[in-house]
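Hello,

Here is the structure I promised to pass on to you. Please have it open in your viewer while you read, and my notes follow below.

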Amino acid sequence: MAKIKIPYHKEFWEIEVEDRNLMGVLESKAHHFKPDLSQEEIVKKALDHPIGSLPIETLVKGKKNMVIITSDHTRPVPSKITLPILLERIRGVNPTIDIKILIATGFHRPTTQEEMIHKFGKEIVENENIINHISQDQENLVEVGILPSGGKLWLNRLAMETELLIAEGFIEPHFFAGFSGGRKSILPGIAGAQTVLANHCSKFIANEYARTGILEENPIHRDMLYAAEKAKLAFILNVVIDAEKKIIHAFSGDSQLAHEEGCSFVKNLSKVNKVNGDIVITSNGGYPLDQNIYQSVKGMTAAEACCKDGAVIIMIAACNDGHGGESFYENMAQAESPKAVLEKVLKVPMEETAPDQWEFQILARILNEYKVIMVTDLCNPEMIKNMHMEHAYSFEEALDRAYQIKGRDAKITVIPDGVSVIIA
């Protein structure tokens, strides 16, 4: 009997799968990577050796003001470590500079005070000027160009009017942007709703290059690079984390060059060979990425890549914050079937992209081919069932149901952290 640890909310579950059924356990090598330096030392070393850029200390000299973009409550960026180091270095050479910290909420809800304290620490929240980006707040947006895709580029006014714009974030595989980090701090991070909708249109989401681990020829990535250039994103600090959300590597410097080097590192760690299963078990990496159904679609795409025809996906995700998007929920719940969702969404032109459309498009794509059993004891089961999925309170309950569907001899693939792997 194989025992496998699966991240769930703020803990780990240990699940058991019989050896005769288990075909493979697919894990990123990042989870077993042992750095020689402490997390703080890794960040400082990256800042000491920027890629394709002058050091941050040089960039801030003589500046009166700057904006630091940071990730929101849905991203496990270890800002309690990174931000204090950045702030110390900046103020070490420019103690009077006016610093605003802009939370890249993208199309998400604002980050709450409690979530800020959890993410940044009480000292930073009480002493720094932290602002939530609101993508629908048109008064605080500026139109700065036309994306390669044809959509209008609206960006946060604070970011566009500051003397120096930098960003912190983390790099992991991303299910349609290829990788997170770098340019994603700008688009969707601090972009207007209209811009996010254009970039996440159904045509792009359906594109064969808009997939995990792919940057080249990815139309979504192309728009994002343009947005970062127009925003004059001068410097990034991006980290790579393991299953415990600890920093194992960091990259700083030019927003494109440093990001590309970071993506190469992550790709080498994350790439795993496909093992197809009748039942595929996965997660969304635990908190904060598994706090709603919306985010959990990401982990499902890793399972999707390993499914045999008619497979069952067991998705272990807390979803304690519910569905994660009203439009996402309504478009799934009100549809007759996932196929109906797909047929409808693929006819929607770019300029009419609906909020959360990309997420329900991908979920419908998965559900049109496979059955999904969502495992959680922290979310309303009726919500999950309304979205054309099954619900189980425990892994054992879900596995029993999957065996009923696929038979006791079903072959099982386990992906402990679905958002950390690139299936080859």
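Which residue stands opposite I281 in β19? That residue is V414. Before I go on, please keep in mind that this is a predicted model.

The pair sits where strand β15 (residues 277-283) runs alongside strand β19 (residues 412-415). These strands pair in the parallel sense, over 4 bridges. They belong to an open sheet of 6 strands, and if you walk across it you meet β3, β19, β15, β16, β17 and β18 in that order, with parallel pairing. At the edges are β3 (22-25) and β18 (390-392), each of which pairs on one side only. On average, neighbouring strands of this sheet are turned by 20° against each other, direction ignored.

A helix rests on this sheet too. Helix α11 (residues 293-304) packs there and touches β15, β16 (307-316), β17 (371-375) and β19. The direction of α11 makes about 140° with that of β16.

Now for the overall layout. The domain assignment splits the protein chain into domain 1 (2-26 + 273-423) and domain 2 (39-269). Taken over C-alpha atoms, the centres of domain 1 and domain 2 are separated by 28 Å. The contact between them takes 31 residues from domain 1 and 33 residues from domain 2.

How much area do the two domains bury between them? Domain 1 and domain 2 bury about 2600 Å², and 62% of it is on carbon and sulfur atoms. In domain 1, the residues that lose the most area to domain 2 are M350, W358 and I422, which together make up 26% of what that side buries. As for charged pairs, the rule finds 1 salt bridge across the interface of domain 1 and domain 2. You may also like to look at R109, which forms a salt bridge with D321. The closest N and O atoms of R109 and D321 are 3.5 Å apart.

One more residue to look at is G178, which is found in strand β11 (residues 178-179). Is G178 buried or exposed? G178 counts as buried because its relative accessibility is 0%, and the cut-off for buried is under 20%. Leaving aside residues up to four places away in sequence, G178 touches P173, R211, T212, G213, I214, L215 and N218. For another landmark, try E330: it is 152 residues from G178 along the chain, and the C-alpha atoms of G178 and E330 are separated by 27 Å.

Happy viewing, and best wishes

Conventions. Residues are numbered from 1 along each chain as its sequence is written. This is a predicted model: local features need pLDDT of at least 70, side-chain atom pairs count only at pLDDT 80 or more; totals for chains, interfaces and linings use all residues. Side-chain values use heavy atoms; hydrogens and water are left out. Two strands pair if DSSP finds at least two bridges between them. Helices (H or I, at least four residues) and strands (E, at least two) are DSSP runs, numbered from the N terminus. Axes are lines fitted to C-alpha atoms, for helices over the stretch in contact, and angles run from 0 to 180 degrees between N-to-C directions. Contact means heavy atoms within 4.5 Å. Buried means under 20% relative accessible area, exposed over 50%, partly exposed in between (1.4 Å probe, protein chains only). Domain bounds come from an automatic or database domain assignment. Buried area is the accessible area (1.4 Å probe) that two parts lose on being put together, summed over both. A salt bridge is a side-chain nitrogen of Lys or Arg within 4 Å of a carboxyl oxygen of Asp or Glu.
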